[in-house]
Amino acid sequence: MKLFNKKSRTAVKNTCDQKRRGAATVEFAVVVPVFGIFLAAMVEFGHAYMVQTTLRGAAKKAARYGVANGVTTTDVKLEALRVVSSAIDTSSLSIIVKDADVFDSSDSPTDDLDFEDLPDIELANATTRHLYIIRLSIPYEEVALFPPFWTDNLTLHSQSVMRHE
């Protein structure tokens, strides 16, 4: 005895197709925005990492440039600006060159030190083995690809410490 005939199988199949008709569209509408946000976050974090790496490289290169005799603090700042400007807009970039001799003495606390409070230094007048620091910083919202709605007042920065020769 046959339980199902050909007509009833077709009718059941058509009923299932009608119930599933919009499922792919709904699944697509749910998955695509999530995937898009994930993709945008990957691009944004990659860009932030590129900016951070550029700042780090510029600080190192400018600090190495300032080691030589006859190089001024202005020359070092211009070198850092030249390196960073090849990758990002530098209109809000902050470059400071400070005397870092406070780090040579072991009895001074440096945990809560503000780099802006360190004394300025003119590298052309620096003595041999004089310690100095170069610090570059830029507000994240100035270099972000997408508006940073998830963070407030985030600053990317890098620094390099060298001794004058």
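Let me begin with helix α2, where the buried residues are Ala23, Glu44, His47, Ala48, Val51, Gln52, Thr54, Leu55, Ala58, Ala59, Ala62 and Ala63; please bear in mind throughout that this is a predicted model. As a general point, an α-helix has 3.6 residues a turn, so residues three or four places apart point the same way. On its length, the 43 residues of α2 should span 63 Å at 1.5 Å a residue, and the C-alpha atoms at its ends are indeed 63 Å apart, so expectation and model agree.

Turning to the sheet, we have three strands in an open arrangement, ordered β1-β2-β3 and paired in the antiparallel sense, with β1 and β3 as the edge strands, each pairing on one side only. From one strand to the next the twist averages 15°. Helix α2 packs on this sheet, where it touches β2 and β3, and its direction makes about 20° with that of β3, while α3 lies across β1 and β2 and runs at about 145° to β1.

Between β1 and β2 there are 6 bridges; Asp99 has Tyr132 of β2 as its bridge partner, and Ile96 stands opposite Arg135, also in β2. In β1, 5 of the 6 residues are buried, so this strand is largely enclosed by the rest of the structure.

Finally, the cores: the largest nonpolar core has 29 residues, of which Leu55, Tyr132, Ile134, Leu136 and Ile138 touch the most other members. At least two residues each come from α2, α3, β1, β2, α4 and β3, and α2 gives the most, with 7. A second, separate core of 6 residues includes Ile96, Phe115, Leu118 and Ile133.

Note on methods: Residues numbered from 1 in each chain as written. Predicted model: local features only at pLDDT ≥ 70, side-chain atom pairs only at ≥ 80, totals over all residues. Heavy atoms only, no water. Core = buried A, V, L, I, M, F, W, Y, C linked by side-chain atoms within 4.5 Å. Buried < 20%, exposed > 50% of the residue type's maximum accessible area, 1.4 Å probe, protein only. Helix = DSSP H or I, 4+ residues; strand = E, 2+ residues; numbered from the N terminus. Expected span 1.5 Å × (residues − 1). Pairing = 2+ DSSP bridges. Axes fitted to C-alpha atoms, helices over the stretch in contact; angles between N-to-C directions. Contact = heavy atoms within 4.5 Å.
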